[in-house]
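User: Could you take a close look at one part of this model for me? I'd like a connected walk through it rather than a list.

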Amino acid sequence: SVENYYLLKPLSIVLTMGILAAGLFLVLHKKVDLTKRGKLMMTGVWTSFTCLMFLSSMHERYSYLLDILLIAYFFMTKKHPFVALTSLLISLRGYCYYLFANYEALTLGQTSIINIALYAYVTLCQGDRPRQAGAAVRSRGKISKTKDLRNTELRRSYCFKLSIKERRRYLWYLSR
């Protein structure tokens, strides 16, 4: 009812501010390098998505900023094309509902489940795994950086072709 809406509206604003503050804390605590374009764009995507998901009176038709950021992120990094495509299709579903006289290919419940899954994916998979062989390798809870491996292109290409277990053995061999 209308009374519940006006009662819960300030609560949704406080909840959104708390989630954004927690995200800012994690960015500062993990010392995320926002000078990299991909990280900065994904942080913007997450911020826009958080506002879309948790603020009251936000509908999929207000996701145009999110759609633009996801398209730009995809063309910059060539990563996560299905996230951008799915978000665009959800927005298109909202537009088609009004343009074609209440045409619904998916119900509102189905699109909300898809949106929740996308938000969970963007939130949990924001830290892209390093794809280079010279990146920090996690071994028994410790992170060891291999300078030898980073300096030589031959070792980098060799280590990239190994499995994780073989890579750990190779890094252990280099560190001896």
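Analyst: Let's start with Lys9, keeping in mind that this is a predicted model. Lys9 has a relative accessible area of 32%, so it counts as partly exposed. Its place is in helix α1, which runs over residues 2-29. Along the chain Lys9 and Ser57 are 48 residues apart, yet their C-alpha atoms are separated by 8.7 Å.

Helix α1 also comes up when you look at what α5 packs against, so let's go there. The buried residues of α5 pack against α1, α2 and α4 (81-99). Which residues of α5 are buried? They are Thr111, Asn115, Leu118, Tyr119 and Val122. Looking down the axis of α5, you'd find these buried residues within an arc of 100°, so they line one face of the helix. Turn to the face pointing away from that buried side and you meet the exposed residues Ile113, Ile116 and Leu124. The length of α5 checks out too: with 17 residues at 1.5 Å a residue, the helix should span 24 Å, and its end C-alpha atoms are 24 Å apart, which agrees.

Tyr119 is worth a pause. It is buried because its relative accessible area, 12%, falls under the 20% cut-off. What about aromatic company? The count comes to five aromatic pairs. In one of them, Tyr5 and Tyr6 have ring centres 5.1 Å apart and planes at 75°, so that pair is edge-to-face. Tyr5 is partly exposed at 31% relative accessible area, while Tyr6, at 56%, counts as exposed.

Now back to Tyr119, which pairs with Phe54: the ring centres are 5.7 Å apart and the planes sit at 75°, so this pair is edge-to-face. That pair links distant parts of the chain, with Phe54 in helix α2 (residues 37-54) and Tyr119 in helix α5 (residues 108-124), 65 residues apart. Phe54 itself is partly exposed, with a relative accessible area of 28%. Add Phe49 and you have one aromatic cluster made of Phe49, Phe54 and Tyr119.

One last ring, this time with a charge: the charged end of Lys78 sits over the ring of Phe74, 6.0 Å from its centre.

How values were computed: Residues are numbered from 1 along each chain as its sequence is written. This is a predicted model: local features need pLDDT of at least 70, side-chain atom pairs count only at pLDDT 80 or more; totals for chains, interfaces and linings use all residues. Side-chain values use heavy atoms; hydrogens and water are left out. Rings of Phe, Tyr and Trp (its six-membered ring) pair if their centres lie within 6.5 Å; planes under 30 degrees apart count as stacked, over 60 as edge-to-face and the rest as tilted. Buried means under 20% relative accessible area, exposed over 50%, partly exposed in between (1.4 Å probe, protein chains only). Helices (H or I, at least four residues) and strands (E, at least two) are DSSP runs, numbered from the N terminus. A charge sits over a ring if NZ of Lys or CZ of Arg is within 6 Å of the ring centre and within 35 degrees of the ring normal. The expected span of a helix is 1.5 Å times one less than its number of residues. The arc is that of the directions from the helix axis to the C-beta atoms. Contact means heavy atoms within 4.5 Å.
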